[in-house]
Amino acid sequence: MTTATAIGYVEMRIAKVVGLAAADDEPFHPYVVLEDVSGDRHLAIAIGQPEAFSLAARLGGITWPRPMTYQFAAALVQALGGQVRQGRIDRVVEETYIASVEVAGPPGVQLVDARPSDALNLAALGQAPIFAAPGVLQEAEARHAGDSPEAARLRRALAAPPMTVGTGM
């Protein structure tokens, strides 16, 4: 299988997970912020609250006495003889980011279609690298520019402090 870097993908890391509300009376919207390993480019992706909670807990070093959903999924991959080798943000279709997870296992190396939040959670758990396609980064730069409400929200996500998660115990 061709490596992500061989086809021009850029290695990224999870910089933070943030929660934003457009106004005081609106619900909170979580984003994951990725940065390229050189720190020059950023990518903010809106994700669901459970996925944000899981990523923020992982980044904060929180562990649970019983496996949460992503720990369970990662354990299944491993129990079946597989390993998450990388997460990829591959493209944008109709303003939606499309991702995949590269898994090595008994049948060989395969790319599995995924939501970005799922790919990032599995990559984070497996300490696997994360990559973004150049076109995705170009699209992100275009989305951050301008005066639209979306552009303003994405810029706020880049500047916001990270979410923290407590164990509640």
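# A tour of the predicted model

Start with the largest nonpolar core, which has 37 residues; among its members, Val32, Leu34, Leu43 and Ile89 touch the most others. Select these four, then add helix H3 (residues 116-125), which supplies five residues, the largest share of this core. Keep in mind that the structure on screen is a predicted model.

Next, select valine 32 alone and display what surrounds it. Setting aside neighbours within four places in sequence, valine 32 is in contact with Ile14, Lys16, Val17, Leu43, Ala44, Ile45, Ile47, Leu55 and Leu120. Then move to a second core, separate from the one before: it has eight residues, including Val18, Leu20, Tyr31 and Val33.

**Along strand S2**

Select glutamate 35, which lies in strand S2 (residues 28-36). Is glutamate 35 buried or exposed? Its relative accessibility is 19%, and because buried means under 20%, glutamate 35 counts as buried. Not counting residues up to four places away in sequence, glutamate 35 touches Glu11, Met12, Arg13, Ala15, Arg41 and His42.

Now select aspartate 36 together with arginine 41. The two form a salt bridge, and their closest N and O atoms are 3.3 Å apart. Aspartate 36 is buried, at 3% relative accessibility, whereas arginine 41 is partly exposed, with a relative accessible area of 31%.

**Other salt bridges**

How many salt bridges does the count come to? The count is eight. One of the pairs to select is arginine 88 with glutamate 102, where the closest N and O atoms are 3.2 Å apart. Arginine 88 sits in strand S4 (residues 83-93) and glutamate 102 in strand S5 (residues 96-105), so this pair ties together parts that are 14 residues apart in sequence. Both arginine 88 and glutamate 102 are buried.

Leave arginine 88 selected and add tyrosine 9. Arginine 88 lies over the face of tyrosine 9, at 5.4 Å from the ring centre.

Go on to helix H4 (residues 134-144) and select arginine 143 and glutamate 139, which are four residues apart and therefore separated by about one helical turn. They form a salt bridge whose closest N and O atoms are 3.3 Å apart. Arginine 143 is buried, with a relative accessible area of 11%, while glutamate 139 is partly exposed at 30% relative accessibility.

For a linked group, select Glu51, Arg115 and Asp118. These residues are joined in a network of salt bridges.

**The aromatic pair**

The count of aromatic pairs comes to one. Select phenylalanine 53 and tryptophan 64 to see it: the pair is stacked, at 5.8 Å centre to centre and with 25° between the planes. Where do the two residues lie? Phenylalanine 53 is in helix H1 (residues 49-59) and tryptophan 64 is in the loop between H1 and helix H2 (69-79), so that the pair links distant parts of the chain, 11 residues apart. Phenylalanine 53 is partly exposed, with a relative accessible area of 32%, and tryptophan 64 is partly exposed at 22% relative accessibility.

**Last stop**

Finish at phenylalanine 131, placed in strand S7 (residues 130-132). Phenylalanine 131 counts as buried, at 7% relative accessibility. Add serine 100 to the selection and compare the C-alpha atoms: phenylalanine 131 and serine 100 are 31 residues apart along the chain, and their C-alpha atoms are separated by 10.0 Å.

Definitions and conventions: Residues numbered from 1 in each chain as written. Predicted model: local features only at pLDDT ≥ 70, side-chain atom pairs only at ≥ 80, totals over all residues. Heavy atoms only, no water. Buried < 20%, exposed > 50% of the residue type's maximum accessible area, 1.4 Å probe, protein only. Contact = heavy atoms within 4.5 Å. Core = buried A, V, L, I, M, F, W, Y, C linked by side-chain atoms within 4.5 Å. Salt bridge = Lys/Arg side-chain N within 4 Å of Asp/Glu carboxyl O. Phe/Tyr/Trp six-rings, centres within 6.5 Å; stacked < 30°, edge-to-face > 60°. Lys NZ or Arg CZ within 6 Å of the ring centre and 35° of its normal.
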